[in-house]
Amino acid sequence: RWIHESGGGWVIPPDDSSALREALRQALDEPTRAAKGRAAFDFATEHFGRDRNSTRIANLLSTPPP
């Protein structure tokens, strides 16, 4: 799901050799790889960065169970 949401990679359905060939063809293109890498980095920074997750973890630990 994260790969789809971020645009930071390729998701290949099982047993879909034509999709695999297409992904490999795209992966050979340096600008495409760079764009997907930037998208993955930006997504990770936004959703999994230390600032965001530190607050979330602190809130989880400080909230008493129901």
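**Exercise 1. Place F41 in the fold, and decide whether F41 is buried or exposed.**

Solution. The starting point is that F41 belongs to helix α3. In this predicted model, the relative accessibility of F41 is 58%, and since the term exposed is used for values over 50%, F41 counts as exposed. A further step looks along the sequence: F41 and G8 stand 33 residues apart in sequence, while their C-alpha atoms are 7.8 Å apart in space.

**Exercise 2. Describe the secondary structure and the overall dimensions of the chain.**

Solution. Begin with the elements: the chain has four helices and zero strands, and read from the N terminus their order is α-α-α-α. Next come the dimensions, where the C-alpha trace spans about 50 × 25 × 10 Å along its principal axes. Finally, compare the radius of gyration with a reference: the chain has 17 Å, whereas a compact globule of 66 residues would have a value near 11 Å.

**Exercise 3. Work out what share of the residues is buried, and what the surface and the contacts of the chain look like in numbers.**

Solution. Of the 66 residues in the chain, 11% are buried. The accessible surface comes to about 5500 Å², and carbon and sulfur atoms account for 60% of that surface. Turning to contacts with a separation of 6 or more, one finds that 41% of them join residues 24 or more positions apart. As a last step, consider the charges: the chain carries 9 positive and 9 negative charges, and the mean positions of these two sets are 3 Å apart.

**Exercise 4. Find the surroundings of S6, and decide whether S6 is buried or exposed.**

Solution. First locate the residue: S6 lies in helix α1, which covers residues 2-6. The relative accessibility of S6 is 17%, and because buried means under 20%, S6 counts as buried. Leaving out residues up to four places away in sequence, S6 touches A39, A40 and F43. The side chain of S6 also reaches the backbone nitrogen of G8, at a distance of 2.9 Å.

**Exercise 5. Determine which residues F48 touches, and how far F48 is open to the surface.**

Solution. F48 has its place in helix α3, which runs over residues 30-48. With a relative accessible area of 37%, F48 is partly exposed. When residues up to four places away in sequence are not counted, the list of residues that F48 touches consists of W2, F43 and N53. F43 deserves a second look here, since this residue is touched by F48 and also by S6 of helix α1.

**Exercise 6. Characterise A27 by its element, its accessibility and its contacts.**

Solution. The element comes first, and A27 is found in helix α2. Its relative accessible area is 23%, which makes A27 partly exposed, because that term covers the range between the 20% and 50% limits. Setting aside neighbours within four places in sequence, A27 is in contact with W10 and R33. One can also compare A27 with G9, for these two residues are 18 apart in sequence and 9.1 Å apart in space, C-alpha to C-alpha.

**Exercise 7. Say where D15 lies, and what can be noted about its phi angle.**

Solution. D15 is part of the loop between α1 and α2, the latter being helix 17-27. Its phi is near 60°, a positive value in a residue other than glycine. To complete the description, D15 has a relative accessible area of 85% and is therefore exposed.

Key:
Residues are numbered from 1 along each chain as its sequence is written. This is a predicted model: local features need pLDDT of at least 70, side-chain atom pairs count only at pLDDT 80 or more; totals for chains, interfaces and linings use all residues. Side-chain values use heavy atoms; hydrogens and water are left out. Helices (H or I, at least four residues) and strands (E, at least two) are DSSP runs, numbered from the N terminus. The radius of gyration is taken over C-alpha atoms; the globule rule is 2.2 Å times the number of residues to the power 0.38. Buried means under 20% relative accessible area, exposed over 50%, partly exposed in between (1.4 Å probe, protein chains only). Contact means heavy atoms within 4.5 Å. Accessible areas come from the Shrake-Rupley method with a 1.4 Å probe; for residues, only the protein chains shown count as cover. Lys and Arg count as positive and Asp and Glu as negative; His and the chain ends are not counted. The place of a charge is taken as NZ of Lys, CZ of Arg, CG of Asp or CD of Glu. A polar contact is a pair of N or O atoms within 3.5 Å; within protein, one must be able to donate a hydrogen and the other to accept it, and residues adjacent in sequence count only if both atoms are side-chain atoms.
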